[in-house]
Amino acid sequence: MKKNFYLLAFLGFFSCTNQIQYEETDLKLWYEQPAKSWNEALPVGNGRLGAMVFGTVSRERIQFNEETLWTGEPHNYAHEGAYDYLDSIRQFLFKGEQRKAENLASEKFMSVPLRQMAYQPFGDLIIEFPGHEEYTDYTRLLDIQNAVARTTYKVGDVTYTREVLASDPDQVIAVQLDADQKGALGFHIVMNSPHEQSEVMTDGNQQTLYVDVKDGALKGIARIEVRTKGTLITHDSHIEVSDATSATIYLSASTNHVSYQDVSADPEEELSENLSNLNGVSYKKVREKHLADYHKYFKRFNLDFGSNGREALPMDKRLHKFMEFPEDPQLVALYVQYGRYLMISSSRPGTYPANLQGIWNKDLKPAWGSKYTCNINTEMNYWPAELTNLSDCHDALFNMIEEVAQTGKEVAKVHYNCDGWVLHHNTDIWRGSAPINASNHGIWLGGSGWLCSHLWEHYLYTRDIDFLRDRAWPLLKGAATFYSQFLIEDPKTGWLISTPSNSPEIGGLVAGPTMDHQIIRSLFKACIETSEILGVDNDFADLLRDLTPKIAPNQIGQYGQLQEWMEDKDNPNNHHRHVSHLWGVTPGADITWETSPEIMKAAMQSLIYRGDDGTGWSLSWKINFWARFMDGNHAYELIKLLFRVKEDGNNTIRGGGSYINLFDSHPPFQIDGNFGAPAGMVEMLMQSHQNVIDLLPALPDALPDGSIYGVCARGGFELSFSWKEGILTDVSVLSKAGEPLRIRYKGEVQEMETEKGETYDITF
Ligand code: FUC
C-alpha cells in the first residue's frame with residue numbers, strides 16, 4: 001500500500017526486554033537444529049489461537065491457526081425420510097443379510113452430504129533475517145513449564161533470541177525478537193496463507209491478512225502489529241525493521257463464526273479490540289500475565305520419576321536413545337506434562353475442544369478433515385482432563401456437546417423417530433450428527449452416549465451439583481431418552497440391542513455390537529444416580545431401571561475372549577487397531593476385577609489376541625487397558641512402542657509412534673495419543689473407578705521411584721504421594737467435597753469421613 005517511515009518511539013510503545021529473565025527448566029523439548037518439517041516445529045496455543053514455531057534461522061516460519069476457520073457453512077445434515085427405511089435395514093440385519101442392509105442404508109440413511117467439513121490452516125508469519133545464513137551456538141526449545149518457545153543463536157558475536165507465546169488473557173500470539181548488542185537486529189516480516197482467496201494489506205506498523213475459505217461461509221482476518229524502537233519502513237508487501245535492538249510482534253486473528261448456526265460476527269471488531277487493548281503494553285507485561293495465567297493450570301499437578309540424566313540430550317537424540325535403551329523415567333513424566341501442556345494450549349473454558357489435531361493444522365485437506373471423530377479420538381483427548389487436575393479445560397468439550405445435542409435432536413427424529421438426541425461417529429464445526437462416510441462404519445450409535453460419560457465423570461470428580469443439575473442433566477437425559485426408545489428386542493435372544501450399528505470400525509453394519517450396550521448401560525446408570533441425587537425425574541429413572549437388565553450383556557466366546565458382537569464370531573488373529581468391546585474396562589467402568597472378574601479376564605484375553613501394536617491412539621488406549629488389568633510392565637511395553645521415533649518420510653515403522661516434537665503419530669500426526677497415553681501413565685499410579693482410590697495399582701518395574709502431586713480422584717479428592725523402590729512411602733489426601741474416603745494399597749483398605757478443605761495424611 002504505502003511506503004512510509006514509522007518510528008515506534010512516536011507511538012510510545014517500549015519493550016524493556018533486557019529485563020526478561022529466562023527461566024531454566026527440565027520440562028522442555030530442546031533441539032540443536034531448526035525444524036526441517038512441520039512435525040519438528042513446536043506448538044504454542046491459547047485454546048483458540050495456535051502456532052507452530054519452526055525456529056529456522058534466516059527465515060523464521062510461524063504457521064498459525066484459529067479454531068473456528070473451517071470449510072462449509074451452517075447446515076442441517078439430517079437425511080429427510082431416513083426413518084422410513086430403518087425397519088427394513090434392521091430386518092435385513094436380523095436375517096443375516098448384511099450387504100443388503102448396508103446398501104439400503106448407503107442409499108437412504110446417510111448424512112446429506114455424505115461427508116463433513118474440514119478444519120483449515122490460517123496463515124504463516126514469515127520473518128526474514130538478512131545476513132543470518134551463517135550462525136553458531138543454536139538451540140531451540142519448548143519450555144512447557146512456562147508455555148514459551150524460544151530460539152537462540154549467534155551471528156558473529158551477537159546473540160539473538162526469539163520467544164513466542166500464545167496468550168489467553170491478551171488473545172494474541174506474541175513474538176519477541178532480541179539482539180544482545182545495540183542496533184544489531186534487522187528483519188523483514190510478512191504474512192501469507194495457503195488459501196487461494198487471501199490478500200495482504202500493509203499499513204504503518206501493521207499488516208493484515210484477509211482469508212476467505214473457498215468452500216464455505218467462513219472468513220478470517222489476521223493482523224500483526226510490529227513494535228520497535230528501531231527504524232520501521234512499511235513496504236507494499238512487508239514491514240522492514242532495521243537498527244533495532246529488540247522488537248515485539250503481536251498477532252491476532254478472528255473469524256466471522258459465532259456458532260454452528262451463525263456466521264455473522266465481524267472479525268475486524270474482535271481483532272482490533274484485542275490489538276488496541278495492547279496499546280502501550282510491553283512484551284514483558286504480556287509475558288507476565290501469560291505466565292500467571294498458564295501457571296494457574298499447569299502448576300496444580302506435578303509428576304517426578306527421577307532422572308538418569310537423559311534430559312541433557314536433545315529430544316531427537318533422546319527418542320533414538322530410548323528405542324535402544326528404554327530407560328528414561330524423566331521422559332515418561334515429561335510426556336504426561338506435555339499432554340497437559342497441549343490440553344491447556346488447545347482447550348480453555350469458553351473455547352471449542354481439541355479436534356483430531358488439537359488446534360494445529362497446516363493442510364487445506366487435513367487427514368480425516370481434522371474433525372471430531374467420536375468413536376474414540378475426541379473422547380480420548382479429554383481422558384487426562386479430570387485426572388491431571390485440568391477439570392476446567394474439560395469445559396471446551398462440554399461446549400461442543402451442548403451444540404451437538406441440538407443438531408442431534410433433529411437427527412434422532414428424522415432418522416429414528418425418537419425423542420432425545422443422538423450423535424454418530426463424527427462431528428464438525430457445523431455439528432453434523434447424522435451418519436457419515438459409509439454405512440459400514442458411519443452408522444454407529446455410541447457418540448452421544450460416550451460424550452455424556454464425560455459430563456458424568458466431571459461430576460464424579462468435582463461433585464459440582466450445580467453443574468450436574470444445570471448443564472449435565474438435560475444432556476444426559478436427552479441422550480438416554482433416545483436410547484430408551486431406540487433399543488429394540490433381538491428376535492433371537494430377546495435381549496434389547498442397539499441396531500443398526502457397528503463395532504467401530506470393524507465388521508461392518510450389524511445388530512448389537514457389545515460396545516454400544518456397555519455405553520448405554522453406563523449412561524442409564526449415570527441417569528438413575530443423577531435422578532436420585534437431584535431428586536428429579538423418578539418415572540424416567542424407573543423406566544431406565546426396567547430397561548437396564550434387559551440390555552444384551554457382555555458375553556464370553558469360544559476363544560475365552562470377550563465377544564465383540566452378539567454372535568461368537570471374533571477372529572483371534574485379527575490385530576485391528578480398534579478394541580471397542582473393551583470400552584467397559586476403560587474408559588468405562590462396567591467391567592472390573594472386583595465386579596466381574598470372568599469378563600475382565602475375557603477382556604484381557606481379547607486384548608492379547610489383538611496384540612500390542614497399533615496406531616498412536618491405539619497404543620495409548622492399550623496403555624490404559626494394561627493399567628486397568630493391573631499389569632504395569634505390559635503397559636510399559638506399550639509406552640516403548642509409543643516412543644518409537646517417527647520421522648517424515650521414514651516409513652520403516654508402520655504403526656504409531658512419536659514425531660520428534662513429541663506429537664503423536666497415527667501416522668500422520670493425530671493428537672489423541674498425546675492425551676490418551678498420559679491418562680494411562682497416571683492410571684499406572686492411581687485409579688479411582690471402583691469406589692475406592694487404588695494407590696500404585698500397576699507400577700512398572702521401570703519406574704521404581706517417584707512422586708506425584710495434585711492428581712485427582714473421583715469423590716473430589718486431590719492426592720499427593722511418593723514411592724521408593726516400588727513401595728509407597730507417604731500419602732496425603734485433600735478432600736475438596738467432604739465425601740467419605742476409601743483408599744487402598746496392596747489390599748489394605750482405609751476408610752474415613754472427611755471434611756471439605758481438609759488434608760489427611762494416610763499411613764499404610
Ligand atoms: C477413526 C480411526 C482412524 C483414525 C480416524 C481419525 O476412523 O479408525 O484410525 O483415527 O478415526
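How many salt bridges does the count come to? In this predicted model, the count comes to 50 salt bridges. Side chains of opposite charge can pair when their charged atoms come close. A good place to begin is the pair formed by R150 and E163, whose side chains meet in a salt bridge with an N to O distance of 2.7 Å. This pair links distant parts of the chain, with R150 in strand β8 (residues 148-155) and E163 in strand β9, 13 residues apart. Both partners are shielded from the surface: R150 counts as buried because its relative accessibility is 9%, and E163 counts as buried because its relative accessibility is 0%. The two residues also belong to a wider arrangement, since E23, R150, E163 and R287 are linked in a network of salt bridges.

A second salt bridge connects two helices. E402 pairs with R471, and their closest N and O atoms are 2.9 Å apart. E402 lies in helix α9 (residues 395-416) and R471 in helix α12 (residues 465-486), so this contact ties together parts that are 69 residues apart in sequence. E402 counts as partly exposed, because its relative accessibility is 29%. In a third case, E637 forms a salt bridge with K640, with 3.0 Å between the closest N and O atoms. Here both residues sit in helix α17 (residues 632-642); because they are 3 residues apart, about one helical turn separates them. E637 is partly exposed, with a relative accessible area of 36%, and K640 is partly exposed as well, with a value of 27%.

Charge also gathers on the surface. D266, E269, E270 and E273 form a patch of negative charge there. Of these residues, E269 is found in helix α3 (residues 267-276). E269 counts as exposed because its relative accessible area is 55%, which lies over the 50% cut-off.

The strands come next. In a regular strand the side chains alternate between the two faces of the sheet. Strand β34 (residues 759-762) shows such an alternation: Y760 and I762 point to one face and are buried, whereas T759 and D761 point to the other face and are not buried. Strand β34 runs antiparallel to strand β31 (residues 727-735), and 4 bridges join the two. Within this pairing, D761 of β34 stands opposite S732.

Another part of the model holds an open sheet of 4 strands in the order β27-β28-β32-β33, with mixed pairing. Its edge strands are β27 (686-687) and β33 (748-752), each of which pairs on one side only. Strand β33 pairs with β32 (residues 741-745) in the antiparallel sense, over 5 bridges. Among the residues involved, Y745 has E748 in β33 as its bridge partner.

The backbone offers some details of its own. T499 and P500 are joined by a cis peptide bond with omega about -5 degrees, and P500 lies in the loop between β22 (496-497) and β23 (501-503). The peptide bond from T586 to P587 is likewise cis, with omega near 10 degrees. P587 is placed in the loop between α14 and α15.

Positive phi values appear at two residues other than glycine. Q171 has phi near 55 degrees and lies in the loop between β9 (158-167) and β10 (172-179). D243 has phi near 55 degrees too, but lies in strand β16 (residues 239-244). Are these residues buried or exposed? Q171 counts as buried because its relative accessibility is 16%, under the 20% cut-off, whereas D243 is exposed, with a relative accessible area of 56%.

Finally, two residue pairs relate separation along the chain to distance in space. H320, found in helix α5 (residues 315-324), is partly exposed, with a relative accessible area of 38%. H320 and V645 are 325 residues apart in sequence, yet their C-alpha atoms are 6.5 Å apart in space. K569 lies in the loop between α14 (538-547) and α15 (597-610) and is partly exposed, with a relative accessible area of 41%. K569 and G738 are 169 residues apart in sequence, and 48 Å apart in space from C-alpha to C-alpha.

Conventions: Residues are numbered from 1 along each chain as its sequence is written. This is a predicted model: local features need pLDDT of at least 70, side-chain atom pairs count only at pLDDT 80 or more; totals for chains, interfaces and linings use all residues. Side-chain values use heavy atoms; hydrogens and water are left out. Patches are made of residues with over 30% relative accessible area and no salt bridge: like charges are joined within 9 Å, nonpolar side chains (Val, Leu, Ile, Met, Phe, Trp, Tyr) within 5 Å. Accessible areas come from the Shrake-Rupley method with a 1.4 Å probe; for residues, only the protein chains shown count as cover. A salt bridge is a side-chain nitrogen of Lys or Arg within 4 Å of a carboxyl oxygen of Asp or Glu. Lys and Arg count as positive and Asp and Glu as negative; His and the chain ends are not counted. The place of a charge is taken as NZ of Lys, CZ of Arg, CG of Asp or CD of Glu. Buried means under 20% relative accessible area, exposed over 50%, partly exposed in between (1.4 Å probe, protein chains only). Two strands pair if DSSP finds at least two bridges between them.
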